[in-house]
Amino acid sequence: MKPHQFITITLTSLLLLSPLTANSNQPIDAQQYRANLLLNLSNTQLTNGQFKSALASLQESLRLYQIIGDRTGEATALFRIGDAYFTLGKYKTAINFYKQSLQLTQDFANQSITVQILEHLTNTYITLGDERLAKKYQEQATALKKEIGNPDREAAFLGNVGLDHDAATEYKQAIAFYSQQLTTAKANNNYQLQIDSLQNLAASYRQLGQYPQAIAAYQQQLKLAQELNNNTIVSLTFKQIAETYQTQGNFHQAIAFYQQQLKLTDKTQKAEVIRQLGRVYTFAKEYDKAIAIYQEQLKSAQANKDNYTQGTALNNLAFVYLNSNKLDDAKATLQTSIQNWTSLRLDLGNTIDYAVEQANTYRLLQQVLITQNQPEAALEISEQSSIMASLQLLGMRLASEAKDNNLKIAPKSITLPTITDIQKIAKEQKATLVKYTIIPDDGLYIWVIQPTGKITFRKVKPTPENTFDSVNSIPQIIASVPNYLGINSQENQGKKLVNPLLQLHQLLIKPIADLLPDNPTAQIIFIPQDELWFVPFPALVDIYDKYLIAKHPISTVPAIQILKLAKEQRGKIGGSKVVVVGNPTMPKIARAINQAPQPLPQLINSEQEALAVADFFKTKALIGSQATKAAILPLLPKAKLIHLATYSVLDDIKRQGIPGGIALAGENNGLLTASEILNLYNQPKGKRLRAKLAFISAGETGQGSIGNGVLSLSLALMTSGVPSVIVSQWASPDTPTSVLTTEFYRQLKQNPNKAQALQKAMLATMKQYPNPKYWSGFNLIGEVH
């Protein structure tokens, strides 16, 4: 299924009939000229994130257009005011202005302007979760487009409506719209739209389990692609047909289509096709054929001195050995693969991102060890995986590893721990540790390490019985949380959804509930991996509607061994200043290579939060243009506490090799990156960080790998001297964070236990703002004391 595609809303979108050009042959009086000027100025202000100024300009231009009777200008101003409020997350206000604009345009000669407004209304209602009104405006837009007579746009719009139904799991309705789109595209000989509609049709049929219909649609798509001599689409279609046959369990047909795909695939893409072909051989129990193609892949990689493909081939071989019950061969192969990844990491000239394949190696080895009934050995491997992922993320090496490279040396406390080391840390922390790993082919692995050092292992298979839904994928459940909570809107959107917070509780907490402490003050430390980093553990709720945060103080850490580092850093804290930053004048950021930089949205509530925190500590907050990197960076080594009410940026924006950064003021130099923070680790003592806590409260923004920005920022701060970091998992401009943050500091003043202070702050905030989006996204990482 394709992801839902919203109609794009841009702040600089121009209506097709603009007041700036509507009367270009007529003299423009002073009021008309000023109104046009203000409207044009608002575009620049919106682009620069100056929303307050832009709204003032738009309101004044609206007043002038009304005075001179320029209905086109009035409609345009109302439309753009609606766009501005949409971007600020004030969706109901946006709807009000869109509707005022719509009322004015009904009798305009050029109805394209009305279509735009209807599309924006549709998108806004989709964002609010009001499917009924969204469909109403979609249908109006569709009907109007037919009158305008733009068949390609009509077909594209039908596809968007289908995608909307698809996203709502209304696959039969989606199929009806895709079929209409296909008919329209055929009538207009639009081959690309025909291919799009056939692809979407096939995906919906697959969701319904109607595999013959899906294959029939793919076969039509294949014929079109072959007629167009488009080998890229031909190859993709071979893959889709193979996957469909594989899902049916028709492995021999799947093998035939993967073989056809392999013939068309270029060298750079062959590894993935070989992987899939070998897996289908394995599922068909043709183990010798699977081993043969993987050994050929390995031999070729060795001849080319291609370490990455060698590691991939070793993982593929281990998969076959595991499934054919040759567990010792699988184990030996994976240990060779681990050595391969170590060589690649220590290679001075390596620029390959091997994180995904390295993680696959460790997951397979855990699966082998669990199959051999060695859960403690599997825990060691799981922990090694976490440590190696952290080192790779930060471009570091263990102190015990070879020095012939440009990698920074990790703190000596970071080692590959044994079971004895893990048990010792649990005892020192006097906390219950819970370690999770998702194994795609085997479910969820959970280890509980109690304060006594006792280790218990549980395995959970997601099923409809424990998820209350047909969706059994943990990553999919996690991905539905923001929409359920209404992170980017003003209300909960989960009316038609199974509560993912309950589903996650059933999967992550219920299976180990008997191992968790009864004492409500006893600490639980979660060690999640991969997608589990985006789980708001405090908001997980049981069948009695009781949140987990009401039962226990909670913290997280990327690896158990990091707790040892955090404890060591706590012994070195100092500093005398409280550094508070709020809502900097946001920098411009290019989201992708060759993309024009755009400013991040302003965080008005974060400015209020920073002022409240500064008032609590009797200090001055750095706000707006004052909050530059040049002003803040020298203050950090002197700080005893750092509070940053601004975005944590997930991506590696500056291409420094380490994702993550903190948004500060400065158009082109306003990011304090994780890489720059990590450089403080090697500074003389007086220039290192000594704060007891860094609090980044406004959440992440970006499109990088899941959790990597949060992880790298947290690890960089902890490595550079800060034992505890609190980060927000999401950025929501309308979230009133000052209530929670000031309550947290008030509690911390009474009790130095950060986890307990955060727990009490969340419970207090919950009374005023019950929706978990307002309080559950804050994540304490590292030392709790």
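**Exercise 1. The whole chain**

What percentage of the 785 residues of the protein chain count as buried?

*Solution.* Start with the kind of model: it is predicted. Next, apply the cut-off: buried means under 20% relative accessible area. By that test, 57% of the 785 residues are buried. Then turn to the outside. The accessible surface comes to about 32,900 Å², and carbon and sulfur atoms hold 50% of it. Now list the elements: the chain has 30 helices and 19 strands. Finish with the contacts. Take those with a separation of 6 or more; residues 24 or more positions apart account for 67% of them.

**Exercise 2. Helix H12**

Find the buried residues of H12 and say which helices they pack against.

*Solution.* First, locate the helix. H12 covers residues 251-264, which is 14 residues. Its span from first C-alpha to last is 20 Å, close to the 20 Å expected. Second, pick out the buried residues: Ala-254, Ile-255, Phe-257, Tyr-258 and Gln-261. Third, look at their neighbours. These buried residues pack against helix H10 (211-227), helix H11 (231-248) and helix H13 (270-283).

**Exercise 3. Strand E19**

Decide whether E19 is enclosed or not, then describe its pairing with E18.

*Solution.* Count the buried residues in E19, residues 778-782. The count is 5 of 5, so the strand is largely enclosed by the rest of the structure. Now find the partner. Strand E18 (residues 724-728) pairs with E19 in the antiparallel sense, over 5 bridges. One opposite pair to look for is Ile-726 and Leu-780, the latter in E19.

**Exercise 4. A nonpolar patch**

Name the residues of the nonpolar surface patch and place Tyr-544.

*Solution.* The patch is formed by Phe-468, Val-498, Ile-543 and Tyr-544. Together they have about 440 Å² of accessible area. Tyr-544 sits in the loop between strand E6 (524-527) and strand E7 (554-556). Check its exposure: the cut-off is over 50%. Tyr-544 has a relative accessible area of 70%, so it is exposed.

**Exercise 5. Two asparagines with positive phi**

Where do Asn-325 and Asn-373 lie, and what are their phi values?

*Solution.* Begin with the background. Most residues other than glycine have a negative phi. Now take Asn-325. Its phi is positive, about 65 degrees. Asn-325 belongs to the loop between helix H15 (307-323) and helix H16 (327-346). At 59% relative accessibility, Asn-325 is exposed. Then take Asn-373. Its phi is also positive, near 60 degrees. Asn-373 lies between helix H17 (355-371) and helix H18 (375-394), in the loop. Its relative accessibility is 64%, so Asn-373 counts as exposed.

Key: Residues numbered from 1 in each chain as written. Predicted model: local features only at pLDDT ≥ 70, side-chain atom pairs only at ≥ 80, totals over all residues. Heavy atoms only, no water. Helix = DSSP H or I, 4+ residues; strand = E, 2+ residues; numbered from the N terminus. Expected span 1.5 Å × (residues − 1). Buried < 20%, exposed > 50% of the residue type's maximum accessible area, 1.4 Å probe, protein only. Contact = heavy atoms within 4.5 Å. Areas by Shrake-Rupley, 256 points an atom, 1.4 Å probe, with all protein chains shown as cover. Pairing = 2+ DSSP bridges. Patch = residues over 30% accessible without salt bridge, like charges linked within 9 Å, V, L, I, M, F, W, Y side chains within 5 Å. Salt bridge = Lys/Arg side-chain N within 4 Å of Asp/Glu carboxyl O.
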